[in-house]
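Subject: The structure for you to look at

Hi,

Here is the structure I promised to pass on. Please open it next to this message, and the notes below should help you find your way around.

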Amino acid sequence: MENSPQTWQTYEQVARAVLSDLRLCLNITDVEGYQDLPGNSGTIWRVEGTAIRSADNAFLIVECRRHTTQGLNQESVGGL
């Protein structure tokens with residue numbers, strides 16, 4: 001039996017791969033996978049990935065959500 005990734009893992013891997021492929025266009029110096037990031041309130045947020053642009057210390061958070069039967073609700077969008 002072949003050990004293939006779950007659908008959600010594939011979406012996350014593709015999102016990180018696209019950012020890696022666009023690194024030169026976006027001046028991204030690093031793309032990383034799962035991370036726990038501290039919020040201002042002390043809450044720890046788990047994100048699927050991040051992209052770093054060292055020139056101005058900017059970063060992009062990768063969040064993947066799959067909705068097949070309905071769109072994003074207000075809570076899902078607000079949570080981002």
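Before the tour, one convention: helices and strands here are DSSP runs, with at least four residues for a helix and at least two for a strand, numbered from the N terminus. Please also keep in mind that this is a predicted model.

**Overall layout**

The protein has three helices and five strands. Going along the sequence, their order is α-α-β-β-β-β-β-α. Of its 80 residues, 18% count as buried. The accessible surface is about 6400 Å², and carbon and sulfur atoms hold 51% of that. If you look at contacts with a separation of 6 or more, 25% of them are between residues 24 or more positions apart.

**The helical start**

Val18 sits in helix α1, which spans residues 7–21. Its relative accessible area is 41%, so Val18 is partly exposed. Together with Val14, Leu22 and Leu26, Val18 makes up a nonpolar patch on the surface, and the four have about 300 Å² of accessible area together. A little further along comes Asn27, in the loop between α2 (23–26) and β1. Asn27 is worth a click if you check backbone angles: its phi is positive, near 55°, although the residue is not a glycine.

**How the strands pair**

Strand β1 (residues 30–32) runs antiparallel to β4, and three bridges join them. One bridge to follow by eye is the one between Asp30 and Ile52 in β4. Ile52 also has a bridge partner in β5, namely Phe59. β4 and β5 (residues 58–62) are antiparallel too, with five bridges between them. Arg53 is paired with Ala58 of β5.

The other pairing to look at is that of β2 and β3, which is antiparallel over four bridges. These two strands form a hairpin with five residues between them, and Gly42 in the turn has a positive phi of about 100°.

The hairpin of β4 and β5 has four residues between its strands. Within the loop between β4 and β5 you will find Asn57, whose phi is positive at about 65° even though the residue is not a glycine. Is Asn57 buried or exposed? With a relative accessible area of 63%, Asn57 is exposed.

**Salt bridges**

How many salt bridges does the structure hold? There are two.

One is formed by the side chains of Arg46 and Asp36, at 2.9 Å from N to O. This pair links distant parts of the chain, since Arg46 is in strand β3 (residues 44–47) and Asp36 in strand β2 (residues 35–38), 10 residues apart. The two are also bridge partners in the strand pairing, with Arg46 of β3 opposite Asp36. Arg46 has a relative accessible area of 55% and is therefore exposed, while Asp36, at 43%, is partly exposed.

The other salt bridge joins the side chains of Arg53 and Asp56, at 2.7 Å from N to O. Arg53 is partly exposed, with a relative accessible area of 30%. Asp56 is partly exposed as well, at 45%.

**A buried threonine**

My last stop is Thr50, in strand β4 (residues 49–53). Why does Thr50 count as buried? The cut-off for buried is under 20% relative accessible area, and Thr50 counts as buried because its value is 3%. The side chain of Thr50 makes a polar contact with the side chain of Gln35, at 3.0 Å. Leaving aside residues up to four places away in sequence, Thr50 touches Asp30, Val31, Glu32, Gly33, Gln35, Leu37, Leu60 and Val62.

As background for viewing the strands, side chains in a regular strand alternate between the two faces of the sheet.

If you want a short route through the model, I would go from the nonpolar patch around Val14, Val18, Leu22 and Leu26 to the salt bridge of Arg46 and Asp36, and finish at the polar contact between the side chains of Thr50 and Gln35.

Happy viewing, and best wishes

Notes. Residues are numbered from 1 along each chain as its sequence is written. This is a predicted model: local features need pLDDT of at least 70, side-chain atom pairs count only at pLDDT 80 or more; totals for chains, interfaces and linings use all residues. Side-chain values use heavy atoms; hydrogens and water are left out. Buried means under 20% relative accessible area, exposed over 50%, partly exposed in between (1.4 Å probe, protein chains only). A polar contact is a pair of N or O atoms within 3.5 Å; within protein, one must be able to donate a hydrogen and the other to accept it, and residues adjacent in sequence count only if both atoms are side-chain atoms. Contact means heavy atoms within 4.5 Å. Patches are made of residues with over 30% relative accessible area and no salt bridge: like charges are joined within 9 Å, nonpolar side chains (Val, Leu, Ile, Met, Phe, Trp, Tyr) within 5 Å. Accessible areas come from the Shrake-Rupley method with a 1.4 Å probe; for residues, only the protein chains shown count as cover. Two strands pair if DSSP finds at least two bridges between them.
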